[in-house]
Amino acid sequence: MKGALKTRHRVLRVRHVQHAMAVAETARARDEADGIERNADRLRKVRNDLFSDPGMATGANFAAMQELAGRLEQAGRQLDGALYDARRKVEAKEGLTLAANRDREIAEKLKDRARADLEEWRENKLAALPRYRRMQRTGDL
């Protein structure tokens, strides 16, 4: 009986660590997605600011700004793809976190059940003893 309780407690500790790791991985994935999103926003702002104040633009300057705008547009599309992938990764990590949480809760319930079974076994063992032995065990003597 005691062995079953120890085993359940060890499983619970493992499940707790697995849950903590899943939460940390989810937070890391969210941070990565947020970083990519911030970079994409900054890129859009730079591209929009490129043509906001053309001032005295020569043909060469205008061509260079168009080239830069094209490259910024291409980088923005690549960041959009990376952001999509990062969000999907976050969703997958959240699913793993939920599964780890479920496993941890199951392990807690099994440990509580094993503890209750052990207590019941001890009570039954104590009740099976003759009366004078029970008094010796409980200290009523």
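Tutor: A salt bridge here is a side-chain nitrogen of Lys or Arg within 4 Å of a carboxyl oxygen of Asp or Glu. The model is predicted, so local features need pLDDT of at least 70 and side-chain atom pairs count only at pLDDT 80 or more, while totals for chains, interfaces and linings use all residues. Residues are numbered from 1 along each chain as its sequence is written, and side-chain values use heavy atoms, with hydrogens and water left out.

Student: Thanks! Which residue meets E25 in a salt bridge, and how far apart are the two residues in sequence?

Tutor: The partner is K93, with an N to O distance of 3.3 Å. E25 lies in helix α1 and K93 in helix α2 (helices are DSSP runs of H or I, at least four residues, numbered from the N terminus), so the pair ties together parts whose separation in sequence is 68 residues.

Student: Is R30 buried, partly exposed or exposed?

Tutor: R30 forms a salt bridge with E94, at 2.6 Å between the closest N and O atoms. R30 is in helix α1 and E94 in helix α2, so this pair ties together parts 64 residues apart in sequence. Buried means under 20% relative accessible area, exposed over 50%, and partly exposed in between (1.4 Å probe, protein chains only). With a relative accessibility of 41%, R30 is therefore partly exposed.

Student: Which residue of helix α1 pairs with E73?

Tutor: E73 has a salt bridge whose closest N and O atoms are 3.0 Å apart. The pair links distant parts of the chain, 26 residues apart, with E73 in helix α2 and its helix α1 partner being R47.

Student: How many salt bridges does the structure hold?

Tutor: Salt bridges that share partners also join D41, R44 and D80 into one network. For the structure, the count is twelve.

Student: Which elements give two or more residues to the largest nonpolar core?

Tutor: A nonpolar core is a set of buried Ala, Val, Leu, Ile, Met, Phe, Trp, Tyr and Cys residues joined through side-chain atoms within 4.5 Å. The largest has ten residues, among them I36, L43, L79 and V90. The elements that give it two or more residues are α1 (2-50) and α2 (59-128).

Student: K111 is buried, so how far away is the nearest side chain of opposite charge?

Tutor: K111 sits in helix α2. Beyond its neighbours within four places in sequence, K111 is in contact (heavy atoms within 4.5 Å) with L5, R8, H9 and L12. K111 has no salt bridge, and the nearest side chain of opposite charge (Lys and Arg positive, Asp and Glu negative; His and the chain ends not counted) is D112, at 5.5 Å.
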